[in-house]
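These are my notebook entries on one helix pair and on the confidence of the model around it.

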Amino acid sequence: MMSREEMHRQKQQADASVKQPRHHHFGATFLGILLTMVIAIAVLLNATVLDADFAADELADSPISTQLQEEVNGSLSEYGVSGSLLTTKETHRLVRQAVKQVYAGKSIKLDLTNVEKRLQSKVDDELGSYGLSTSLLPSSATSEFNQKLTNQVNQKLNTDEVQTAAKTITTVKTVVNVLLAISGLALAVLIVWSLFKHCFLAVFSWSTAWSAGLYFGFVWLIKLGINQAAQEQPDYASTIATIGNDVLTRGWRIAWLLLVLALVGWLLRGGLRIVRRH
């Protein structure tokens with residue numbers, strides 16, 4: 001039968017093991033924190049600024065739409081066509097198309113078929129007021145004009161900045177996805193190792209707890225960066241704020257998810273500790 005001193009000593013050792021991971025788990029815990037942070041940041045990037053659909057939806061309602069509308073209408077005015085033939089709905093569609101092409105690392109090649117149809121209709125109305133018809137014009141002339149218009153608009157949009165952005169986005173996406181794949185594989189190996197070493201819950205609980213804290217700090221830094229960018233670019237402040245808020249929303253969700261996982265890990269450790277004592 002154990003003495004009261006031995007029972008007290010065992011209880012202290014058990015409590016100490018709950019408060020901190022064993023020394024030989026520190027390396028695994030640190031690696032778990034590092035891998036979790038890399039994966040969490042990569043997931044956030046892929047779900048927001050590196051996602052073509054996210055960027056297209058965000059930029060469709062931004063000043064870029066107005067700039068695109070001005071470019072098309074400006075090109076038409078050079079040929080003596082007055083008024084706006086590019087509707088807001090069509091502008092949003094073209095912005096989404098342009099963004100997705102840039103994210104694919106391609107040059108912008110907008111499909112202006114709907115604009116050409118409205119232009120054709122307007123020319124028909126103009127000639128009709130004089131008792132004439134576009135059927136009197138050779139089809140080659142109309143096709144040539146439409147092609148010139150499309151080429152001129154696309155040429156104006158394919159600036160050096162756009163080409164640089166396309167290459168940068170492609171490169172960053174590749175790097176992020178490679179890091180995500182490597183980190184995911186390494187984390188899977190770490191999980192299997194910790195299961196064999198019977199230290200999974202210890203590594204898991206500490207890794208997710210530290211990762212949650214660090215990730216909350218990371219998202220807070222993003223918030224500060226967004227506010228700074230909005231101040232430096234007042235013309236695009238509303239766009240930066242809108243995109244930034246959507247990025248932050250996803251970032252906070254990931255941070256809270258990590259915190260919930262950490263709490264689950266600690267509750268499981270506490271529950272197993274109680275079961276073993278009984």
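**Confidence**

I looked up the elements by mean pLDDT (the predictor's confidence in each residue, from 0 to 100): helix H1 (residues 4-19) has the lowest, 55, and H2 the highest, 95. Over residues 16-21 I found pLDDT below 50, and this stretch has nine contacts in the model beyond near neighbours in sequence; contact means heavy atoms within 4.5 Å. For the chain I noted a mean pLDDT of 82, with 79% of its residues at 70 or more. Helices are DSSP runs (H or I, at least four residues), numbered from the N terminus.

I record that this is a predicted model, in which local features need pLDDT of at least 70 and side-chain atom pairs count only at pLDDT 80 or more, while totals for chains, interfaces and linings use all residues. Residues are numbered from 1 along each chain as its sequence is written, and side-chain values use heavy atoms, with hydrogens and water left out.

**H2 and H10**

I next looked up how H2 (residues 26-47) meets H10 (residues 237-277): their axes come within 10 Å and cross at roughly 150°. The two helices are therefore roughly antiparallel to each other (over 145 degrees, on a scale from 0 to 180 between N-to-C directions). From H2 the contact is made by Thr36, Ala40, Val43, Leu44 and Ala47, and from H10 by Val247, Arg250, Gly251, Ile254 and Leu258.

**Ala47**

I then turned to Ala47, which lies in helix H2. Ala47 is partly exposed, at 33% relative accessible area (between 20% for buried and 50% for exposed, 1.4 Å probe, protein chains only). Not counting residues up to four places away in sequence, Ala47 touches Phe54 and Arg250.

Conventions. Angles under 35 degrees count as roughly parallel, over 145 as roughly antiparallel, 65 to 115 as roughly perpendicular and the rest as oblique.
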